[in-house]
Amino acid sequence: MTQTNTVAAVISPVVIAFSFASTNALAVAGSHGQGTSHNAAHAPEADMFGKPGNARKVSRTLPVEMTDDMRFGPAAVSVKQGETIRFVVTNKGKLLHEMVLGTMDELKAHGKAMSQQRQLRHDDPSSAHVEPGQKGDIVWQFTKAGDFYFACLIPGHFEAGMFGKIKVLKG
């Protein structure tokens, strides 16, 4: 074996291994932790009611509290089409909670997936996963008028009534 062939024989497996590891790291980075990408599942729905907002162009800030009695406060909000809203989400409870924006059909389907895979975690601009006593935020621009929703998709929370309504009025 020549020196060139020896170098190629050593480098090729290293490059292949590195490429495989990098691809896996990228796949996990946008996932729930169990290989189910929230971003891929949520992207078509995001187009139905809005898109991630620009934090420098926030129209207004809406505080939202989550409690262990499986409720959001307020349970309903109204925004105008085109508005960019910063939701400041506070977990007032001792349990983990989250706020996920979406259509009711998307939230129901995603909630079902969450109950089947208990280790799922959202990493998406339309959600805030908030530890007890902590705050998170969502900056979202509502591009379509209509009725949309927010929910906690931690298994059992949505089923216990932990969801609210967003009325987007024609701008």
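Strands, cores and two unusual backbone sites

Mentor: From the N terminus on, the elements of the protein chain run α-α-β-β-β-β-β-β-α-β-β-β-β. The model is predicted.

Trainee: How many helices and strands does the protein chain have?

Mentor: The order from the N terminus begins with α-α and ends with β-β-β-β. Counted over the protein chain, the elements are three helices and ten strands.

Trainee: Which strands are the edge strands of the open sheet?

Mentor: The open sheet holds five strands in the order β1-β8-β5-β2-β3, and the pairing is mixed. An edge strand pairs on one side only, and that applies to β1 (50-52) and β3 (71-73). From one strand to the next, the twist averages 30°. The edge strands are thus named β1 and β3.

Trainee: In which sense do β1 and β8 pair?

Mentor: Strand β8 covers residues 135-142, and three bridges link it with β1. In this pair, P52 stands opposite W140 of β8. The sense of the pairing is antiparallel.

Trainee: In which sense do β2 and β5 pair, parallel or antiparallel?

Mentor: β5 has β8 and β2 beside it in the sheet order. With β8 it shares seven bridges and runs antiparallel, and V88 stands opposite D137 in β8. Towards β2, P63 stands opposite V88 of β5. β2 and β5 are joined over seven bridges, and their sense is parallel.

Trainee: How many residues of β5 are buried?

Mentor: T84 lies in this strand, which spans residues 84-91. T84 counts as buried because its relative accessibility is 6%, under the 20% cut-off. Beyond its neighbours within four places in sequence, T84 is in contact with residues including G53, R60 and W140. For β5 as a strand of eight residues, the number buried is six.

Trainee: Which residues touch the most other members of the largest nonpolar core?

Mentor: This core has 25 residues. Strands that each supply at least two of them include β2 (60-67), β4 (76-80), β6 (97-102) and β10 (163-169). The residues that touch the most other members are F72, F87, M99, L101, F142 and I166.

Trainee: What does I166 touch?

Mentor: Residues up to four places away in sequence are not counted here. I166 itself belongs to the largest nonpolar core. Its partners are V77, V79, F87, L101, F142, G146, D147, F148, Y149 and F150.

Trainee: How many residues are in the second, separate core?

Mentor: Its members include V100, M104, Y149 and L153. The size of this second core is eight residues.

Trainee: Which peptide bond is cis?

Mentor: Most peptide bonds are trans. Here omega is near 0° at a bond that leads to P74, a residue in the loop between β3 and β4. The cis bond runs from G73 to P74.

Trainee: What is the phi of M70?

Mentor: Most residues other than glycine have a negative phi. M70 sits in the loop between β2 and β3, and it counts as buried because its relative accessibility is 12%. Although M70 is not a glycine, its phi is positive, at about 60°.

Trainee: What share of the 171 residues of the protein chain counts as buried?

Mentor: The accessible surface comes to about 9,400 Å², and 57% of it belongs to carbon and sulfur atoms. Among contacts between residues at least 6 apart in sequence, 77% join residues at least 24 apart. Of the 171 residues, the share that counts as buried is 37%.

Conventions: Residues numbered from 1 in each chain as written. Predicted model: local features only at pLDDT ≥ 70, side-chain atom pairs only at ≥ 80, totals over all residues. Heavy atoms only, no water. Helix = DSSP H or I, 4+ residues; strand = E, 2+ residues; numbered from the N terminus. Buried < 20%, exposed > 50% of the residue type's maximum accessible area, 1.4 Å probe, protein only. Contact = heavy atoms within 4.5 Å. Areas by Shrake-Rupley, 256 points an atom, 1.4 Å probe, with all protein chains shown as cover. Pairing = 2+ DSSP bridges. Axes fitted to C-alpha atoms, helices over the stretch in contact; angles between N-to-C directions. Core = buried A, V, L, I, M, F, W, Y, C linked by side-chain atoms within 4.5 Å.
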